[in-house]
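Reader: I am new to this structure and would like a guided tour. Could you show me how to read it?

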Amino acid sequence: MSTTSMATNSNYWEDLRKQARQLENELDLKLVSFSKLCTSYSSSSLNPRTRDSRSDSVGSSQDNMLVAMTTELEQLLACLSSVNDKMAEYTNTPGTSTHNAALMHTLQRHRDILQDYTHEFHKTKTNFFNLREREDLLGSVHRDIESYKSSSGVNNRRTELFLKEHEHLKSSDRLIDNAISIAMATKENITFQRGMLKSIQTRVTTLANRFPAINNLIQKINLRKRRDSLVLGGVIGICTILLLLYTFH
């Protein structure tokens, strides 16, 4: 293979990596926004005051935003999957065997990121649709109760007691749903942070493997940290023993 051909292939690989990183960054931001939008929509829908006062135009606008963002995320995931496929094809190109291990490592890292983002997207979308079905069911029950109140009158004592008990149960259910929504949002944010930290750690490891001098420096730093920890532990132990001797004598 000529030098010009090798340079062209190298540039092609770097272009694919650049496209993958750009798509991954866009997906990261879009998934965070998508999760926040789903959480806010679910919280407002589960609140009866907000649900009753929310106009149809506002609800339709939120639905349109969710549909548009879902479509955009699916397109980004499809594009990233296509780029990964092109990277896989490149690793099988004749003449890349000398760097095949490094290329496969990079390809696997991008595949893992794609898998994580796909999993988070489908999980968030599934949770949202489940909550919206629950909200539709509660809304139907609420409308049936209002219709029953209008037809039967509000002076019926037994009906009032039943409605009060129902409102109490709904209030408890809302508190539980809000707690679940907060826990889901917190878990998703932690998951995104874990993915970012994992990506940073992988890049640092790749950089250390590529530059042995940096790798040696990191090893020396870790060795000094362990030595300092041992010295500090010995000093604390000696001080503890002296303090005990002084206390008992």
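Author: We will go through the helices, the core and the empty spaces in turn. This is a predicted model, in which local features need pLDDT of at least 70, side-chain atom pairs count only at pLDDT 80 or more, and totals for chains, interfaces and linings use all residues. Residues are numbered from 1 along each chain as its sequence is written, and side-chain values use heavy atoms, with hydrogens and water left out.

Reader: How many helices and strands does the chain have?

Author: Helices (H or I, at least four residues) and strands (E, at least two) are DSSP runs, numbered from the N terminus. Here there are 6 helices and 0 strands.

Reader: What share of the chain is buried?

Author: Buried means under 20% relative accessible area, with a 1.4 Å probe and protein chains only. Of the 249 residues, 27% count as buried.

Reader: Which residues of the largest nonpolar core touch the most other members?

Author: A nonpolar core is a set of buried Ala, Val, Leu, Ile, Met, Phe, Trp, Tyr and Cys residues joined through side-chain atoms within 4.5 Å. The largest one has 27 residues, and Leu27, Phe34, Leu73 and Met87 touch the most other members. Helix 1, helix 3 (56-91) and helix 4 each supply at least two residues of this core, and helix 3 gives the largest share, 10 residues.

Reader: What does Phe34 touch?

Author: Touching is a contact, meaning heavy atoms within 4.5 Å. Leaving out residues up to four places away in sequence, Phe34 touches Leu66, Met69, Thr70, Leu73, Phe121, Thr124 and Lys125.

Reader: Now for the empty spaces. How many cavities of 30 Å³ or more are there?

Author: Rolling a probe the size of a water molecule over the atoms shows where empty space is left. On a 1 Å grid over the protein atoms alone, a cavity is a set of points where a 1.4 Å probe fits but cannot get out, and a pocket is an open set with protein on both sides within 12 Å along at least five of seven lines; lining residues have an atom within 4 Å of a point. The count comes to 2 cavities of 30 Å³ or more. The largest cavity has a volume of about 110 Å³, where volume is the space filled by probe spheres set on the points, joined across faces, edges and corners.

Reader: Which residues lie nearest the centre of the largest cavity?

Author: Cys38, Thr39, Leu131, Met184 and Glu188 do, out of 12 lining residues.

Reader: What about the second largest pocket?

Author: The second largest pocket holds about 520 Å³ of space. Its lining has 22 residues, with Ile113, Tyr117, Gly195, Met196 and Ser199 nearest the centre. Helix 5 gives the largest share of that lining, 10 residues.

How values were computed: Buried means under 20% relative accessible area, exposed over 50%, partly exposed in between (1.4 Å probe, protein chains only).
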